[in-house]
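Me: I am new to this structure and should be grateful for a close look at a single part of it. Please take one strand and its surroundings, and describe them in a connected way.

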Amino acid sequence: GLACSPSDMMLPNAQRFSVSADLARLSQLVALRIAALAAQSIAARGVCRIALAGGETPRLCYELLRELPLDWTRIEFYFGDERCLPPGDAQRNDRMAAATLFDHITIPAENIHCIPAQHGAVSAAAEYIQTLQDVLPLDVVLLGMGEDGHTASLFPGNPASSTDDSVVAVFNAPKPPPERVSLGLQTLIAARHKLFLVAGAGKRDALQRIANGEQLPAAQIVGAEWHVEQAALPKE
């Protein structure tokens with residue numbers, strides 16, 4: 001990844017902004033960054049708590065991460081959000097994480113903390129608040145960004161995006177399924193390290209809007225590292 005010069009793209013609230021030539025290099029950079037942060041966290045506190053992102057962008061990153069020499073027994077996985085679908089549904093974020101990462105590493109089952117979204121958004125959010133209550137702040141949170149500037153399942157203008165609860169129930173999401181569970185904005189902001197992975201030309205508009213100061217949900221994650229594919233950068 002190339003660090004942008006200040007004259008290039010800069011986002012308000014960003015701690016760091018790096019650009020990679022393509023998705024493969026972006027994925028490699030972020031996988032190595034996660035591994036470095038995990039090692040730091042394990043050295044400092046004996047454990048690393050990571051919240052994974054869903055969607056397509058991090059898939060290759062997870063495939064690369066599983067090849068890195070990490071002490072998986074000391075890593076606890078959580079999720080930034082989940083779709084209210086039955087366990088094992090192909091559209092669930094935990095299913096994608098299992099297929100790309102968990103199924104390929106030696107990790108105790110109790111280190112993987114799925115969101116019980118099949119119980120409905122309200123019940124699942126309440127259960128996950130209990131799961132998280134003694135482990136916050138999270139050490140590393142991976143985040144994606146949608147074309148509308150949403151992150152996790154915090155969508156622009158949705159009431160869940162401005163709720164103070166550590167985990168929130170989401171209704172009427174603008175893309176299916178409409179019912180979801182998401183870590184709350186404050187939980188994401190409080191994490192020790194926040195890493196955005198942004199790829200694809202479809203993200204240009206949202207990045208430009210954030211650069212212009214628009215307070216889209218992704219823009220509200222203060223102090224995040226933004227790791228961006230060249231194709232997602234707004235055109236001059």
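**Strand β10 and its surroundings**

Reply: F196 and W226 are both buried. They offer a convenient way into the part chosen here, since F196 lies in strand β9 and W226 in strand β10. It should be said at once that the model is a predicted one.

Consider first the strand itself. β10 covers residues 224–229, and six of its six residues are buried, so that the strand is mostly covered. Its side chains are divided between two directions: A224, W226 and V228 point one way, while E225, H227 and E229 point the other way. Residues on both sides of β10 are buried, the glutamates E225 and E229 among them.

The strands paired with β10 come next. Strand β2, formed by residues 14–20, runs parallel to β10 and is joined to it by six bridges. Within this pairing, S18 has H227 of β10 as its bridge partner. Strand β9, residues 193–198, also runs parallel to β10, and here four bridges make the connection. One of the residues involved is V198, whose bridge partner in β10 is V228.

The path of the chain between β9 and β10 can also be described. Helix α6, residues 204–211, belongs with these two strands to a β-α-β unit, and the unit is right-handed.

The rings may now be considered. Four aromatic pairs are found when the whole structure is searched. In one of them, the ring centres of F196 and W226 are 3.9 Å apart and the ring planes meet at 10°; planes under 30 degrees apart count as stacked, and therefore this pair is stacked. The two residues are 30 positions apart in the chain, so the pair links distant parts of it, with F196 in β9 and W226 in β10. Elsewhere, ring pairs connect W72, F77, F79 and F102 into a cluster.

To draw the part together: β10 is parallel to β2 and parallel to β9. W226 shares its side of β10 with A224 and V228, and V228 is the bridge partner of V198. H227 points the other way, together with E225 and E229, and is the bridge partner of S18. The stacked rings of F196 and W226 thus accompany the bridges that join β9 to β10.

Terms used. Residues are numbered from 1 along each chain as its sequence is written. This is a predicted model: local features need pLDDT of at least 70, side-chain atom pairs count only at pLDDT 80 or more; totals for chains, interfaces and linings use all residues. Side-chain values use heavy atoms; hydrogens and water are left out. Buried means under 20% relative accessible area, exposed over 50%, partly exposed in between (1.4 Å probe, protein chains only). Two strands pair if DSSP finds at least two bridges between them. A crossover is right-handed if, with the strands pointing away from the viewer, the path from the first strand over the helix to the second runs clockwise. Rings of Phe, Tyr and Trp (its six-membered ring) pair if their centres lie within 6.5 Å; planes under 30 degrees apart count as stacked, over 60 as edge-to-face and the rest as tilted.
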